[in-house]
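Please open the model in your viewer and keep the selection tool at hand, since this tour goes from one selection to the next and says what is there at each stop.

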Amino acid sequence: MNPLVLWFHKLGSPPYFYRFAGRLVPWFWAAALILGAIGLYGGLVLAPKDYQQGDAYRIIFIHVPSAWMSLFIYAFMAVNGFIALVWRIKLSETLAMAAAPVGAAFTFVCLATGAIWGKPMWGTWWTWDARLTSELVLLFLYLGVIGLYHAIEDRRQAARAAAFLALIGIVNLPIVHFSVKWWNTLHQGSTVKLFGPSLIDSRMLWPLLVMAIATKFVFAASLLSRARVDLLELESGKEWARAEADAAEGRA
Amino acid sequence: MSYGTLWGACRALLARDLALLWRRRGDALNPMLFALMVVALFPFAIGPEPQVLGRIAAGTVLVALLLAGLLSLDALFRSDLEDGSLEQLVLSPHPLALLLACKIFVHWLTTALPLVAIAPLVGEMLFLPGPVQPVLLAVLALSTPLLSLIGAVCVALTVGMRRSGMLLALLVLPLYVPVLIFAAGACNAAQNGLPVAAPLLWLGAGLALSLVLAPLACAAALKISIS
């Protein structure tokens with residue numbers, strides 16, 4: 001078998017993944033810290049003031065990456081949920097469920113920073129604008145997935161039910177997005193575009209992109225840490241989990 | 001061994017569900033009473049002025065009916081799960097999605113349709129303007145089956161849990177948001193004298209889509225939760 005494919009198959013096995021993730025986690029945290037420090041320095045110190053908003057705009061270096069992450073993690077969760085439902089891969093169930101609280105946290109950070117920014121700029125903490133409302137619905141969807149996962153006794157069945165809910169949510173999200181857009185809009189349009197030139201100064205753009213990568217690493221590190229604990233719990237009856245626990249006890 | 005025809009199975013299921021409901025016909029009134037009570041609370045909470053109440057009447061009726069529907073959703077599979085007939089349904093050789101569609105239809109007929117029937121009365125209690133009344137009825141006729149279908153998928157996921165009430169609300173309400181937006185949009189447009197066709201067509205499109213997809217999703221969810 002092709003070594004890459006073989007490695008990918010091996011990665012699906014909980015003990016192998018546990019050790020592999022354990023080696024990666026410290027590197028991911030380090031990358032997140034360093035990139036986060038660079039991005040924040042660039043955003044808070046080096047980037048120029050906005051001609052209209054002054055220094056208050058600097059919150060976007062947290063707000064916008066969190067908003068991107070809230071959608072990215074939902075997509076990650078849904079893809080893993082789909083894999084878990086179709087191919088019944090245990091690891092995908094664990095990864096999907098480990099991603100949900102991280103995604104909910106990013107969504108919450110996005111909403112909170114948006115509210116803090118909205119108070120001086122729009123004169124209100126909250127407004128029933130399309131983007132804000134769909135982000136709020138996204139938070140509810142995350143909470144629904146987490147709630148369903150914890151309400152069912154059997155862990156694997158819980159993961160499959162919650163993964164199914166995540167898939168229903170991903171069908172629902174665009175509908176919510178377009179229905180609220182039609183309903184009410186105040187939030188500005190996108191200034192950073194994947195295709196075509198961005199409408200943002202390059203001195204503001206690079207810290208934003210660095211922060212986006214830093215939040216990816218935060219997600220990866222926290223996802224792997226969570227998945228490791230979940231796997232250990234799920235497989236607590238197995239030989240390898242007991243061996244890991246004994247080894248940890250020996251070190252302590 | 002023969003299993004009987006698909007049509008026979010659907011008819012038997014419909015007859016059984018209707019008979020069960022008829023035996024306990026007092027319970028069928030509860031969602032209506034609940035909706036009436038919720039609506040009656042609004043004049044106490046925000047004052048009895050007809051202009052104020054008339055402005056929020058359509059939205060209040062929609063939300064009250066939505067909540068009443070949410071409370072009755074829990075009963076969709078509960079008794080069937082308790083007496084074991086839900087498992088028989090899943091094991092039956094006929095397509096589960098179609099059988100579930102029959103169950104959802106009976107549920108809509110007995111819980112949502114009475115709510116639609118009292119909507120004009122409730123609207124009158126809140127001084128809903130006359131021209132909005134027919135629009136509200138049209139909106140309800142389109143949106144209540146949609147709510148039942150979406151709700152059934154989430155009920156199927158929580159089936160078998162002992163206390164699923166609050167969790168069910170958490171799962172269902174985000175999915176209800178677009179329906180509520182279009183339903184309220186049509187009523188507001190009618191109130192302001194604007195054309196109402198667009199939101200009604202959106203609701204109809206949503207209904208057509210979920211009539212096909214929701215029973216399939218409901219069957220898949222049920223198989224996960226009682227496997």
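Start by selecting helix 3 and helix 4 of chain B in this predicted model, where helix 3 of chain B passes helix 4 of chain B in a right-handed crossing. The axes of helix 3 of chain B and helix 4 of chain B, the latter covering residues 50-73, come within 9 Å and cross at roughly 145 degrees. To see which side chains take part, colour the residues of the contact: helix 3 of chain B contributes, among others, Pro31(B), Phe34(B), Val38(B) and Phe42(B), while the residues from helix 4 of chain B include Val52(B), Thr60(B), Ala64(B) and Ser72(B). Sorted by class, the residues of this contact between helix 3 of chain B and helix 4 of chain B are 16 nonpolar and 2 polar, with no charged residue among them.

Stay with helix 3 of chain B, which runs over residues 30-46, and select Leu33(B) within that helix. Is Leu33(B) buried or exposed? Leu33(B) is exposed, because 11 other C-beta atoms lie within 10 Å, and a residue with 12 or fewer counts as exposed. Now add Ile118(B) to the selection and draw a distance between the two C-alpha atoms: the viewer should give 9.9 Å, although Leu33(B) and Ile118(B) are 85 residues apart along the chain.

Another pair of this kind begins at Arg16(B), which you will find in helix 1 of chain B, at residues 6-23. Arg16(B) is partly exposed, with 15 other C-beta atoms within 10 Å. From Arg16(B) to Lys103(B) the distance from C-alpha to C-alpha is 9.9 Å, while 87 residues separate Arg16(B) and Lys103(B) in sequence.

Next, select Phe127(B), in the loop between helix 7 (96-125) and helix 8 of chain B. Phe127(B) has a phi near 60 degrees, which is a positive value in a residue other than glycine. With 17 other C-beta atoms within 10 Å, Phe127(B) is partly exposed.

Before leaving chain B, colour the stretches that a record singles out. UniProt, in an unreviewed entry, places the feature "transmembrane region" at several spans of chain B, including residues 52-77 and residues 166-186. Residues 52-77 of chain B are 96% helix and 0% strand, and the end C-alpha atoms of that span lie 40 Å apart. In residues 166-186 of chain B, the end C-alpha atoms lie 29 Å apart, and the span is 100% helix and 0% strand.

Now show both chains together and select the residues where chain B touches chain A, a contact that takes 20 residues from chain B and 21 residues from chain A. On the side of chain B, helix 8 (132-158), helix 9 (165-191) and helix 10 (197-225) each supply at least two residues. Which helix of chain B gives the largest share of that side? The largest share comes from helix 9 of chain B, with 11 residues. By class, the side of chain B that touches chain A has 17 nonpolar and 3 polar residues and no charged ones.

Within this meeting of the two chains, pick out helix 5 of chain A, residues 130-151, together with helix 9 of chain B, since the axes of these two helices come within 9 Å and cross at roughly 150 degrees. Helix 5 of chain A and helix 9 of chain B are therefore roughly antiparallel to each other, and their crossing is left-handed. Residues that make the contact include Phe140(A), Gly144(A) and Leu148(A) of helix 5 of chain A and Leu170(B), Pro174(B) and Val177(B) of helix 9 of chain B. The contact of helix 5 of chain A with helix 9 of chain B divides into 12 nonpolar and 2 polar residues, with no charged ones.

Finally, show chain A alone, whose secondary structure comes to 8 helices and 0 strands. Of the 252 residues of chain A, 37% count as buried. Select helix 3 (residues 60-87) and helix 4 (residues 90-122) of chain A, whose axes come within 8 Å and cross at roughly 160 degrees. That angle makes helix 3 of chain A roughly antiparallel to helix 4 of chain A. The loop between helix 3 and helix 4 of chain A holds Arg88(A), which has a positive phi of about 55 degrees although Arg88(A) is not a glycine. Arg88(A) is exposed, with 11 other C-beta atoms within 10 Å.

Terms used:
Residues are numbered from 1 along each chain as its sequence is written. Chains are lettered from A and ligands numbered from 1 in the order in which they are written. This is a predicted model: local features need pLDDT of at least 70, side-chain atom pairs count only at pLDDT 80 or more; totals for chains, interfaces and linings use all residues. Helices (H or I, at least four residues) and strands (E, at least two) are DSSP runs, numbered from the N terminus. A residue is buried if 20 or more other C-beta atoms lie within 10 Å of its own, exposed if 12 or fewer, and partly exposed in between; C-beta atoms are placed from the backbone. Two residues are in contact if their C-beta atoms, placed from the backbone, lie within 7 Å. Ala, Val, Leu, Ile, Met, Phe, Trp, Tyr, Cys and Pro count as nonpolar, Asp, Glu, Lys and Arg as charged, and the others, Gly among them, as polar. UniProt positions are given in the numbering used here, feature names are shortened, and annotations may be inferred rather than shown by experiment. Axes are lines fitted to C-alpha atoms, for helices over the stretch in contact, and angles run from 0 to 180 degrees between N-to-C directions. A crossing is left-handed if the near helix is turned anticlockwise from the far one by less than a right angle, and right-handed if clockwise. Angles under 35 degrees count as roughly parallel, over 145 as roughly antiparallel, 65 to 115 as roughly perpendicular and the rest as oblique.
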